[in-house]
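User: I should like to learn how to read the features of a protein model. Could you guide me through some of them?

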Amino acid sequence: MKTQPKVFLHLSRAHSALFRAADRRSKTDIGLSTSQQAVLFTLARQDGMSQREIGALLSLGKSGLSGMVDRLVAKGLIRKEATEEDARVTRVFLEPSGLELVRRSQSVVKGFNDALLAPFDEAEQDVIARFLHHITENAEQIINPEGAKNTSGKGPVE
């Protein structure tokens with residue numbers, strides 16, 4: 001009987017190795033981390049998102065995202081605006097220099113994707129995509145199958 005791969009271990013190691021390498025390259029080429037770049041790419045798809053929406057989409061905590069947004073504002077790549085309806089809600093917008101950086105970065109990120117998938121045929125690529133989508137959509141249920149509890153300890157997450 002074939003031994004089942006240690007998927008969780010391999011995913012953890014792959015994630016760490018991949019993002020260490022990508023961060024090094026991104027910082028060298030454009031002066032941003034991959035997380036900062038992800039914020040710019042997210043805004044390029046939907047400008048004017050709230051910080052909360054960006055954090056939820058990218059699985060980033062409030063404090064980490066807040067500092068990252070402030071650093072991107074300081075670099076002149078994005079701007080923040082409080083909403084008129086609720087001053088507690090801050091919307092984030094790409095500045096022209098941020099959009100230009102996204103445009104320059106897209107081919108590099110496409111190259112990363114192409115290199116990752118190059119060893120696999122089309123059918124294998126479909127399985128990889130399905131597997132990663134499955135993880136993204138079902139992580140909480142996979143890890144906490146008996147009723148996911150939030151970190152506050154107040155019961156199941158809905």
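Analyst: The turns below take a helix, a loop, a sheet and a surface patch.

Analyst: This is a predicted model, in which local features need pLDDT of at least 70 and side-chain atom pairs count only at pLDDT 80 or more, while totals for chains, interfaces and linings use all residues. Residues are numbered from 1 along each chain as its sequence is written, and side-chain values use heavy atoms, with hydrogens and water left out.

User: Which residues of H3 are buried?

Analyst: An α-helix has 3.6 residues a turn, so residues three or four places apart point the same way. Helices are DSSP runs of H or I with at least four residues, strands are runs of E with at least two, and both are numbered from the N terminus. Buried means under 20% relative accessible area, exposed over 50%, and partly exposed in between (1.4 Å probe, protein chains only). In H3, the buried residues are Gln51, Ile54 and Gly55. Seen down the axis of H3, they fall within an arc of 100° and so line one face of the helix; the arc is that of the directions from the helix axis to the C-beta atoms. Arg52, Ala56 and Leu57, on the other side of H3, are exposed.

User: What is the phi of serine 59?

Analyst: Most residues other than glycine have a negative phi. Serine 59, just after H3, takes a positive phi of about 55°. Its place is in the loop between helix H3 (51–58) and helix H4 (62–74). Serine 59 counts as exposed because its relative accessibility is 67%.

User: In what order do the strands of the sheet lie?

Analyst: Two strands pair if DSSP finds at least two bridges between them. Here three strands form an open sheet in the order S1-S3-S2, with antiparallel pairing. S1 and S2 are the edge strands, as each pairs on one side only. Five bridges join S2 and S3 in the antiparallel sense. Arginine 79 stands opposite phenylalanine 93 in S3.

User: Which residues make the nonpolar surface patch?

Analyst: Such a patch joins nonpolar side chains (Val, Leu, Ile, Met, Phe, Trp, Tyr) within 5 Å, from residues with over 30% relative accessible area and no salt bridge. A salt bridge is a side-chain nitrogen of Lys or Arg within 4 Å of a carboxyl oxygen of Asp or Glu. Val7, Leu11, Phe131 and Leu132 make a patch of about 300 Å². Helix H1 (7–30) and helix H6 (122–143) each give two or more residues to this patch. Leucine 132, in helix H6, counts as partly exposed because its relative accessibility is 44%.

Conventions:
Patches are made of residues with over 30% relative accessible area and no salt bridge: like charges are joined within 9 Å, nonpolar side chains (Val, Leu, Ile, Met, Phe, Trp, Tyr) within 5 Å. Accessible areas come from the Shrake-Rupley method with a 1.4 Å probe; for residues, only the protein chains shown count as cover.
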